Amino acid sequence: MSASEENTESTIPCVLITSSDSGFKEEELIKQILSSQTLPEPVKREESVAWYPWTINNKYYTADVRLCVVPSTFQMSSEIAQSMQAFIAYFDSSVKDGLEKLHPWISVVEDLAPEVLILVCDRVYENGVTRHAAQQWCLSHAFELVELNPQELPDEDDDFPESTGVKRIVQALNANVWSSVEMKDGHNQGFGLMSSLVASRHNNPHPHNCQDPPSSSLPVEGSLVSEEANHTENGTNTDTQGDTVVDAMTDLDIQELANLTAGDADVDNFERLFTKLKEMKDKASSLPHEQRKVHAEKVAKAFWMAIGGDDDEIDGLSSGEES
């Protein structure tokens, strides 16, 4: 691979896929995502790490991404870290300690904060990892639980049945706003808006339950103080400073989005809206993990209300403060 090809490859976003279950290889999940019996030729391979090509192609956009197999945190590299925009982890739910093997990944995910976080298993088990245990883990780490073969299927009489299995995984990946996205002509529907809302709701199901420990790799500016003498005071000041930054960004973003949604429903205005959403994502990426979640949550809630959504429909999207 030439230097120019390597540079191009490094700019393509990736979905990191890992499995802590020795009986289920990452490649099996990739085949299910691609709806293929065989794997495509990897565009790159470094020992046990492999990058498989995937072009997301729906009625609204196309986006080139890489499905990247990374068996453990020891294989993480700066290249993967910089391109990772989604994280999918498979675990063995048939044993009670199945989730414990994913513990090394938690700090990686908290530091890099990919937009999509999905926890996958075959199905939950009463004698292994129960549904309650899996859901509590997801709430604590801002993941979405997906069972590939759930015992309980959605009610067919439900007007809006939830997707399950690999279909839900593909749906979540299609809803993300990828950095490599290329919009298709002639679609002036509010896909950009709704995809951001869907992604925010699934990526941060209950942010108020997520207790993220301070991360040394994501410091708030000016927070490098004596750890013992100033820990409590600094923590309070940092929270206040962070909230101020988030509130200011949120107000500006909501105002700009409101102006765009008030415009004519034409292709040009939709493209400006989509561009603005990407700019917001890039701007919010500079925030620490918890502040980024709060910012995404507030913007999504305000935007949902702006287009006539019912507040009761997004009660689950809350960080615990007063709306």
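The exercises below, each with a worked solution, concern a predicted model of one chain.

**Exercise 1. Judge where the model can be trusted: which elements have the lowest and the highest confidence, and over which residues does pLDDT stay under 50?**

Step 1. For the chain as a whole, the mean pLDDT is 75, and 55% of the residues reach 70 or more.

Step 2. Resolved by element, confidence is lowest in helix α7 (residues 191-203), with a mean of 44, and highest in strand β1 (residues 14-19), with a mean of 98.

Step 3. Residues 187-192 stay under 50, although the model gives this stretch 18 contacts beyond four places in sequence; residues 194-236 are also below 50, and the model has 71 contacts for them beyond near neighbours in sequence.

**Exercise 2. Work out the surroundings of Lys44: which residues does Lys44 touch beyond four places in sequence, and which residues are joined with Lys44 into one network of salt bridges?**

Step 1. Lys44 belongs to strand β2 (residues 44-46), and, leaving aside residues up to four places away in sequence, Lys44 touches Val49, Ala50, Trp51 and Glu79.

Step 2. Of the 6 salt bridges counted in the model, one joins the side chains of Lys44 and Glu46, with N and O 3.4 Å apart; Glu46 has a relative accessibility of 41% and therefore counts as partly exposed.

Step 3. A further salt bridge runs from Glu79 to Lys44, with the closest N and O atoms 2.8 Å apart. Because Glu79 lies in helix α3 (residues 78-83) and Lys44 in strand β2, this pair ties together parts that are 35 residues apart in sequence.

Step 4. The charged end of Lys44 also sits over the ring of Trp51, at 4.9 Å from the ring centre.

Step 5. Lys44, Glu46 and Glu79 are thus the members of one network, joined by salt bridges that share partners.

**Exercise 3. Characterise the salt bridge of Glu144 and Arg168: which elements does the pair link, and are the two residues buried or exposed?**

Step 1. The side chains of Glu144 and Arg168 meet at 2.7 Å, N to O.

Step 2. Glu144 is in strand β7 (residues 144-147) and Arg168 in helix α6 (residues 165-175), so that distant parts of the chain, 24 residues apart, are linked.

Step 3. Both Glu144 and Arg168 are buried. Leu153, in the loop between β7 and α6, counts as exposed because its relative accessibility is 62%.

**Exercise 4. Classify two aromatic pairs by geometry: what is the arrangement of Phe24 and Tyr90, and what is that of Phe87 and Phe143?**

Step 1. A search of the whole structure finds 4 aromatic pairs. For Phe24 and Tyr90, the ring centres are 3.8 Å apart with 10° between the planes, and the pair is stacked.

Step 2. This pair links the loop between β1 and α2, which holds Phe24, with strand β5 (residues 84-90), which holds Tyr90, across 66 residues. Phe24 is buried because its relative accessibility is 12%, and Tyr90 is buried at 6%.

Step 3. For Phe87 and Phe143, the centres are 6.0 Å apart with 85° between the planes, which is an edge-to-face arrangement. Phe87 is in strand β5 and Phe143 in the loop between α5 and β7, 56 residues apart; Phe87 is buried at 1% relative accessible area, and Phe143 is buried at 2%.

Step 4. Phe87 and Phe143 also belong to one aromatic cluster with Trp105 and Trp137, and Trp105 is among the buried residues of helix α4 (residues 103-112).

Key. Residues numbered from 1 in each chain as written. Predicted model: local features only at pLDDT ≥ 70, side-chain atom pairs only at ≥ 80, totals over all residues. Heavy atoms only, no water. Helix = DSSP H or I, 4+ residues; strand = E, 2+ residues; numbered from the N terminus. Contact = heavy atoms within 4.5 Å. pLDDT = per-residue confidence, 0-100. Salt bridge = Lys/Arg side-chain N within 4 Å of Asp/Glu carboxyl O. Buried < 20%, exposed > 50% of the residue type's maximum accessible area, 1.4 Å probe, protein only. Phe/Tyr/Trp six-rings, centres within 6.5 Å; stacked < 30°, edge-to-face > 60°. Lys NZ or Arg CZ within 6 Å of the ring centre and 35° of its normal.
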